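Grab a pencil and work through these exercises with the model open. Try each task yourself, then check your steps against the solution.

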Amino acid sequence: MTTVVTTSPGFGKVGRVPEILEQNGWEFIRCIDTDLPDGGMSDYLDRMEYLVVGLVPARADVITNAPRLRAILKHGVAVDNIDIAAATARGIPVLNTAGAKSVEQMDLMVCEDIASLVNGGCPDRVINREVYDTSRSKQ
């Protein structure tokens with residue numbers, strides 16, 4: 001089972017991102033407890049493959065101790081709360097949502113990045129028809 005962990009309270013709140021991931025056999029976990037240094041990610045390090053970073057940072061200890069981690073995606077623009085050196089040392093790509101003007105656009109961009117990383121191809125059909133409900137977008 002592929003596991004997506006997010007530290008973004010907004011990721012997947014618009015559209016059907018969590019629902020579609022789960023329908024396809026993926027696990028979607030939200031770790032947004034700001035009282036914990038890692039938001040709760042330490043409970044999921046052994047199975048986290050994709051980390052969608054929001055408010056809670058992706059520190060070196062998280063990146064180093066997540067053996068299945070394949071990519072880090074920023075639900076936002078700046079990557080200052082991601083330890084780029086730790087990701088680089090492990091060969092893990094870090095992607096952001098530069099140019100996004102709304103939460104909906106950020107969700108779409110993150111989903112496209114995940115689909116491209118998984119399938120190595122164009123994710124438009126999956127994203128636009130199944131994951132992202134454009135009728136709910138404000139943009």
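**Exercise 1.** Leaving aside its neighbours within four places in sequence, which residues is I63 in contact with?

*Solution.* Before you start, know that this is a predicted model: local features need pLDDT of at least 70, side-chain atom pairs count only at pLDDT 80 or more, and totals for chains, interfaces and linings use all residues. Residues are numbered from 1 along each chain as its sequence is written, and side-chain values use heavy atoms, with hydrogens and water left out.

Step 1: recall that contact means heavy atoms within 4.5 Å. Step 2: skip the residues within four places of I63 and list the rest, which gives A58, L69, I72, D83, A86, A87, R90 and I92.

**Exercise 2.** Find the largest nonpolar core and say which helices and strands feed it.

*Solution.* Step 1: get the term straight. A nonpolar core is a set of buried Ala, Val, Leu, Ile, Met, Phe, Trp, Tyr and Cys residues joined through side-chain atoms within 4.5 Å. Buried means under 20% relative accessible area, exposed means over 50%, and partly exposed is in between (1.4 Å probe, protein chains only).

Step 2: the largest core has 19 residues, and V5, M41, M48, L51, I63, L69 and I72 have the most contacts inside it. Step 3: at least two of its residues come from each of β3 (50-53), α2 (60-64) and α3 (84-90). Those names follow DSSP runs, numbered from the N terminus: helices are H or I with at least four residues, strands E with at least two.

Step 4: don't stop there, as another core of 13 residues lies apart from this one, with V4, F11, L73 and C111 among its members. Here's the general idea: in soluble globular proteins, nonpolar side chains tend to be buried together.

**Exercise 3.** Track down the salt bridge between E49 and R68, and describe where its partners sit.

*Solution.* Step 1: check the rule, a side-chain nitrogen of Lys or Arg within 4 Å of a carboxyl oxygen of Asp or Glu. The side chains of E49 and R68 pass, at 2.5 Å from N to O.

Step 2: place them on the chain. E49 is in the loop between β2 and β3, while R68 is in the loop between α2 and β4 (71-74), so the pair links distant parts of the chain, 19 residues apart.

Step 3: compare burial. E49 is buried at 7% relative accessible area, whereas R68 is partly exposed at 36%.

Step 4: look for further partners. E49, R68 and R70 are linked in a network of salt bridges.
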